[in-house]
Amino acid sequence: MTGTFWDFLDIESRYRLLVSGHGKPHLMDTASKILNSSDNRKESASLIDLGVDLLLTAWESSPLDGQLATNLLSINRQLNFLPAELVETLSFVSGNNKIPENISFLQRLIAKDDKEKLLEYLASQTKREPENVFWLSHFLDLSFFLGRYELAQEAVTRGWPSAMKIIQNKYSGDIAFCLGDYERAENIYADVSGNTLILGESLLRLAESLDRMGRRDEALILWRDRMTARPWQVNTWFKVHDKIYESSGKSLLDGNVAVCLYTYNKAEEFNATMVALTESPLTNVHIFALNNGSTDETKQILNHWDEKLGSKLTTINLSVNIGAPAARNWLKTLDEIKDFDYVAYLDDDALVPVNWQTQFNKAVVSYPDAGVWGCRIVNDDQEEIIQHADLHLRETPDDFKDEIRGFEFLYLDPHNQDLDYGQFNFCRPCTSVTGCFHLFKKSVLNEIGNFDIRFTPTQYVDVDHDLMIATAGKTAVYQGNLKVRHKRKSGSAISSSSAARGGGAGNLLKLESKYSGADISKIIKKDIERLEKDFTEKSLKIASVLQTMA
């Protein structure tokens, strides 16, 4: 692995860094583990340097975090590692972060989850207390999350003091990036005036902007510099590997593909899914669509597509909703599917890109023995929000004791901690991928067995099946270069009704009772081994290439 510091890390810290070098809470948790492990060790200086750099990167992703700014200033008084310009900025943020004495109204708004009212309240507070970055920080975070970039832009252009120029550039560049204006993002991130320090995270987004404008050589130079400065940011290494060794490859998977859909009372969304799917090449594809007892216009939509696609579509109409696990099992055991090479399950509210086979084929060629291949899922109406990337389990706490549950289902979620700036655009092994759109070899699907019908109607059925795959010694593979838009917003997969929440909680209990703590420990251990092997091979492969660049 690139960087001698890897050898000094305890296994938990190494695992977290191998999972991601992004996400503020993720970085802060990892930094805490590394710094706590540095006591009385001969490598303590290297570990402290690494832990502090993680904290600095966490602050760069959310530079109005006053408490984190205060902590960095305290560390800097001992280590003196920050440039004067950054000390000035951190001092301003720290000194102007005033947590109100009474935040009960704010807490009530958060509890109600009325984001528009919360945004309106935060906006009013930023105008009432313009000098208090506490309000500005929360307002900008929510504005970005809701895609209200016009409000964020207005706040960013309110005449910030010179000490905030670094932060102002960061947010202004992020707004342009999220709006797809990469030329403007470049001008802002690069700070053409040349008078302002550029944050490391902004340099990564500058490189991504250049690449998206077709200027890959320039982007690679920036990525190389960032990989030298922060070799622990594995996302960059994984992504650059895929960029350097990217090939057009085959546009189609090598074999026949059965795309299986099942739907219940979502006629409009299902029709949009079919439109997107049929805009991609169907040369080697047959679509199987199961109507799971719908009472809306789904049957008429299916009849329309049956007439349009003819022999390319097989429809099954059931009189009742049998749930997702049984629907998948029904489809996979159809006589018509037994001779297919691949089976892909697609949600009835997911929109695939035209090149989905090309991207899946790259993943299959790279990891031919995988048990399942998945993709990156984003919100349909705001593609900067990642719903699902690659899933890696967290260790069950040592003091966990339960008479029923064998482990506590926890996972590392850095992909949910920031917007999508391209930091998860790579292909690699993982423990689980989303079931919105995932691909199986038919032979492996038969080998692993059916989806567990105990997870009806749908919650945790995909995770359970991927854990079955992991228990059988195979890996899931995440293809982050395949972006699929999902109609359902992140976090709303489970209805807000108490009955639905109860069903989800019940399925979670089933999952945690199905596997032992020893089973999960083995799965995590194997995941770490695969991540280390994958990162080591790829980093060594590209290091020599990057060294030759001007």
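Here are a few notes on this predicted model, covering confidence, one helix pair and the salt bridges.

1. Confidence first. The average pLDDT for the protein is 93, and 96% of the residues score at least 70. The stretch to watch is residues 490-495, where pLDDT is below 50. Even there, the model shows nine contacts beyond near neighbours in sequence. I'd hold back on those, as predicted coordinates should not be read in detail where pLDDT is low.

2. Now helices 13 and 14. Helix 13 covers residues 216-229 and helix 14 covers residues 234-244; their axes come within 11 Å and cross at roughly 150°. An angle over 145 degrees counts as roughly antiparallel, so that is how helix 13 runs relative to helix 14. The crossing of helix 13 with helix 14 is left-handed.

3. Who touches whom in that pair? From helix 13 come Arg216, Leu220, Trp223 and Met227, and they meet Thr236, Trp237, Lys239, Val240, Lys243 and Ile244 of helix 14. Sorted by class, this contact has six nonpolar residues, three charged and one polar.

4. On to the salt bridges. Searching the whole structure turns up 40 of them. One to look at pairs the side chains of Arg14 and Glu532, at 2.3 Å from N to O. This pair links distant parts of the chain, with the two positions 518 residues apart in numbering. Arg14 sits in helix 1 (residues 11-19), while Glu532 belongs to helix 22 (residues 517-547). As general background, side chains of opposite charge can pair when their charged atoms come close.

Notes. Residues are numbered from 1 along each chain as its sequence is written. This is a predicted model: local features need pLDDT of at least 70, side-chain atom pairs count only at pLDDT 80 or more; totals for chains, interfaces and linings use all residues. Side-chain values use heavy atoms; hydrogens and water are left out. Axes are lines fitted to C-alpha atoms, for helices over the stretch in contact, and angles run from 0 to 180 degrees between N-to-C directions. Helices (H or I, at least four residues) and strands (E, at least two) are DSSP runs, numbered from the N terminus. Angles under 35 degrees count as roughly parallel, over 145 as roughly antiparallel, 65 to 115 as roughly perpendicular and the rest as oblique. A crossing is left-handed if the near helix is turned anticlockwise from the far one by less than a right angle, and right-handed if clockwise. Contact means heavy atoms within 4.5 Å. Ala, Val, Leu, Ile, Met, Phe, Trp, Tyr, Cys and Pro count as nonpolar, Asp, Glu, Lys and Arg as charged, and the others, Gly among them, as polar. pLDDT is the predictor's confidence in each residue, from 0 to 100. A salt bridge is a side-chain nitrogen of Lys or Arg within 4 Å of a carboxyl oxygen of Asp or Glu.
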